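Let's walk through this structure together, one neighbourhood at a time. Keep the viewer open as you read.

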Amino acid sequence: MIPVLEIGGTHVTAALVDPRDGRVSSRTRAPLDADGDAEAILAAVRHCADGLSVPAGARWGAAVPGPFDYARGIALFRGVGKFEALYGMDMRRALLHGLRQRPGDVVFLNDAHAFLTGEWSAGTVRGHRRAVGITLGTGVGSAFLADGRIRDTGPGIPPEGRMDLTEIDGRPLEATVSRRAILARYGDPGADVRDIAGRARAGEERARRVLDDAFTRLGVALAPRMVDFGATALVVGGSMARSWDLVAPALSVGLAAGGWTPDEPLADADPPAPGALEAPAGDTSAAGARRTRTVKPAAPAGDAALVGAACAAVA
């Protein structure tokens, strides 16, 4: 079993994961204040990690949002609304010397990359040669995967593989699709996104309009890249994906408007088995689209990033 960490904007999770089948045998979870000071953030991470039974010298995997120097383990958070206190910190050193059972090494990877790798290896997009993953929460994370490997260059792929570096109508994408963008558009300082989602379900027109606009515009921006990349699957994770009943319809409308029409009959079907027949990458025929274009929420267990981090630790 591989020890892993998933560090997010609101919580940290530590777990023991079998990367071969995605099985999680143990986990600890704690709230995390991304606006807190460095020591408070590190204390939460250490507390979670120390709750696992791990031998000294183990190699850990850690899924962390960007901006981050993943090769060196250096935090580069600045101007992104989270973890600003960690800027410039050597996170690898902090974990190597701060955990109760000192690791032999810590391998860092982008949390969206970990998410899509986990969903591809043991989750909802198994069997797809080309898949895209989007995480919706504090910001927008993204990953593009071909033949089991994350890609950051090539047709359809945004700079560095990051949709947050793209624009909608001349403005950064996260000015339209992110927690802070949705809250600003809604205009109620006492509401969070979950409250807006609840009001939309209860029939409030303003709440539904704000959410529909954000997710539809995300789909329009994403669709041409899906076509150019030859993607046959899109998987959506992050805290907002828990409101899939609200996300899916608007996102699907935007994807179709942008030229990548999801295959609704397959939306809730099991993913194709490895080796199953797919349309060739880039096949934009109606038959190819009906056969393969699927949009799914993250697997219900929510373990994809943990599995992806374990895969990175053993690579």
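**From one strand to the core and beyond**

A good place to start is Val-132, which stands opposite Leu-234 in β13. Bear in mind as you look that this is a predicted model. The pair belongs to a wider match, since β8 and β13 run parallel and are joined by 5 bridges. β13 also has a partner in strand β14 (residues 294–297), again in the parallel sense, over 4 bridges. Here Val-236 has Pro-297 of β14 as its bridge partner.

How much of β13 is buried? The strand is mostly covered, with 5 of its 5 residues buried. In a regular strand, side chains alternate between the two faces of the sheet. Colouring β13 by face gives Ala-233, Val-235 and Gly-237 on one side, and Leu-234 and Val-236 on the other, and both faces are covered.

Leu-234 leads us straight into the interior. Together with Ile-134, Leu-136 and Ile-182, Leu-234 touches the most other members of the largest nonpolar core, a set of 43 residues. Several elements give two or more residues to this core: β8 (130–136), β9 (140–146), α4 (179–186), α5 (193–201), α6 (205–229), β13 (233–237) and α7 (244–258). Of these, α6 gives the most, with 10 residues. In soluble globular proteins, nonpolar side chains tend to be buried together.

For a closer view of this core, select Leu-136. Setting aside neighbours within four places in sequence, Leu-136 is in contact with Val-177, with Phe-215 and Leu-218, with the run Val-236, Gly-237, Gly-238, Ser-239 and Met-240, and with Val-247.

Now turn to α6 and the helices that pack against it. Two packed helices are described by the angle between their axes and the distance between the axes. For α4 and α6, the axes come within 10 Å and cross at roughly 140°, and the crossing is right-handed. On the α4 side, Ile-182, Arg-185 and Tyr-186 make the contact, while α6 offers Arg-206, Ala-207, Val-210, Leu-211, Asp-213, Ala-214 and Phe-215. These residues divide into 7 nonpolar, 3 charged and no polar.

α5 meets α6 as well, with axes that come within 7 Å and cross at roughly 115°. This time the crossing is left-handed. Ile-196, Ala-197, Arg-199 and Ala-200 of α5 make the contact with Ala-207, Arg-208 and Leu-211 of α6. The tally for this contact is 5 nonpolar, 2 charged and no polar residues.

Finally, move to another part of the chain. A second, separate core of 33 residues includes Ala-14, Val-54, Leu-99 and Val-106. There is also an open sheet of 5 strands to trace, in the order β3-β2-β1-β4-β7 and with mixed pairing. Which strands form its edges? They are β3 (23–31) and β7 (105–110), each of which pairs on one side only. On average, neighbouring strands of this sheet are turned by 20° against each other, direction ignored.

At the β3 edge, strand β2 (residues 11–18) and β3 pair in the antiparallel sense over 8 bridges. Within that pairing, Thr-13 has Arg-29 of β3 as its bridge partner. Helix α3 (residues 111–122) packs on the sheet, where it touches β4 (59–64) and β7, and its direction makes about 90° with that of β7.

Key:
Residues are numbered from 1 along each chain as its sequence is written. This is a predicted model: local features need pLDDT of at least 70, side-chain atom pairs count only at pLDDT 80 or more; totals for chains, interfaces and linings use all residues. Side-chain values use heavy atoms; hydrogens and water are left out. A nonpolar core is a set of buried Ala, Val, Leu, Ile, Met, Phe, Trp, Tyr and Cys residues joined through side-chain atoms within 4.5 Å. Buried means under 20% relative accessible area, exposed over 50%, partly exposed in between (1.4 Å probe, protein chains only). Contact means heavy atoms within 4.5 Å. Two strands pair if DSSP finds at least two bridges between them. Axes are lines fitted to C-alpha atoms, for helices over the stretch in contact, and angles run from 0 to 180 degrees between N-to-C directions. A crossing is left-handed if the near helix is turned anticlockwise from the far one by less than a right angle, and right-handed if clockwise. Ala, Val, Leu, Ile, Met, Phe, Trp, Tyr, Cys and Pro count as nonpolar, Asp, Glu, Lys and Arg as charged, and the others, Gly among them, as polar.
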